[in-house]
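Open the model in your viewer and keep the selection tool at hand. We will go from the whole chain to single strands and side chains, one stop at a time.

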Amino acid sequence: LYDIATGRDTRIPEIRSKEINDKGVRGIISTSDGTLWIATHTGLYKRDMQTNSFQHYTNDTRDTRTLSNNRLYSLCLDNSGVLWIGTFGSGIDRVNLSRKQFHHYKHSGEDMPEQRDNMVMSLLEDSFGKIWVGTWENNLIEFDKQTNNWQRHRALNNTINCLAEDAQGNIWISSNDAVEKYERRTGRIILKSLGTVNSLLVRNN
């Protein structure tokens, strides 16, 4: 890991675990205490960097407080320390890391806007504290945590792979076909370039 503030490199020991090898890692995020949370196709893993131990979280059909789906595609840690998890087919899970209980957002006619929005490929918290969701079928969804309101913005192209915010509060969208920009001032989505893009880095100068 490279710390931009200090200019120091920190080497993370190679993860060697029978549990996590070849499980299709889709996202890794670190909390303030250095714990790693890892999204895979077989559930959510927690790695304690101090003890080098793993804990595995999976769906239990008998308990609604567990993961809604083991096939995970994205992670987002918001400014209040809540972890948001994008699943492939079951919408979004939200987990308070101190309680380890999962709350589910899935299309049911009143939560997420459409059934196809349950396939969540990317997540982002913006500078206003809103959660942005990119889905398999080119839907960009804005979630206001304060009002519990969902708003859908239809992107122009295919599966949304990554989301990023610039200094003006615009949301940049990468997909299988293009790079687009959601212009916050006008509410329009503008095509910027064509081609498959899997990740974004927005330079704010």
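Colour by secondary structure to begin: the protein has 18 strands and zero helices. Both kinds of element are DSSP runs numbered from the N terminus, helices being H or I over at least four residues and strands E over at least two. This is a predicted model, in which local features need pLDDT of at least 70 and side-chain atom pairs count only at pLDDT 80 or more, while totals for chains, interfaces and linings use all residues. Residues are numbered from 1 along each chain as its sequence is written, and side-chain values use heavy atoms, with hydrogens and water left out.

**The whole protein**

Switch on the surface. About 11500 Å² is exposed, and carbon and sulfur atoms supply 43% of it; the areas come from the Shrake-Rupley method with a 1.4 Å probe, and for residues only the protein chains shown count as cover. Of the 205 residues, 43% are buried. Here buried means under 20% relative accessible area, exposed over 50%, and partly exposed in between (1.4 Å probe, protein chains only). Contacts, meaning heavy atoms within 4.5 Å, can be sorted by sequence separation: of those between residues at least 6 apart, 37% join residues at least 24 apart.

**Strand β13 and its partners**

Now select residues 139-144, strand β13. Is this strand enclosed or open? Six of its six residues are buried, so β13 is largely enclosed by the rest of the structure. Look at each face in turn: N139, I141 and F143 lie on one side, L140, E142 and D144 on the other, and all are buried.

Add β12 (residues 131-135), which runs antiparallel to β13 and is joined to it by four bridges. Two strands count as paired if DSSP finds at least two bridges between them. I131 has F143 as its bridge partner in β13. Three residues lie between the strands of this hairpin, where N138 takes a positive phi near 45°.

Next add β14 (residues 149-154), antiparallel to β13 and joined to it by six bridges. N139 stands opposite R154 in β14. The hairpin of β13 and β14 has four residues between its strands, and N148 takes a positive phi near 60°.

**Aromatic rings**

Keep F143 on screen and show W84, Y105 and W150 as sticks: these four form one aromatic cluster. Across the whole structure there are 11 aromatic pairs, meaning rings of Phe, Tyr and Trp (its six-membered ring) with centres within 6.5 Å; planes under 30 degrees apart count as stacked, over 60 as edge-to-face and the rest as tilted.

**S74 in β7**

Move to S74, in strand β7 (residues 72-77). S74 counts as buried because its relative accessibility is 5%. Leaving out residues up to four places away in sequence, S74 touches W84, I85, G86, V120, M121, S122 and L123.

**Cysteines**

Select C76, which is buried at 6% relative accessibility, then C162, also buried, at 17%. How many disulfides are there? The structure holds zero, a disulfide being a pair of cysteine sulfur atoms within 2.5 Å.

**The four-stranded sheet**

Finish with the open sheet β15-β16-β17-β18, which is paired antiparallel. Its edge strands, β15 (160-165) and β18 (188-194), each pair on one side only. Neighbouring strands of this sheet are turned by 20° against each other on average, direction ignored; axes are lines fitted to C-alpha atoms, for helices over the stretch in contact, and angles run from 0 to 180 degrees between N-to-C directions. Zoom in on β16 (residues 171-175) and β17 (residues 178-183), an antiparallel pair with four bridges. There, S174 stands opposite V179 in β17.
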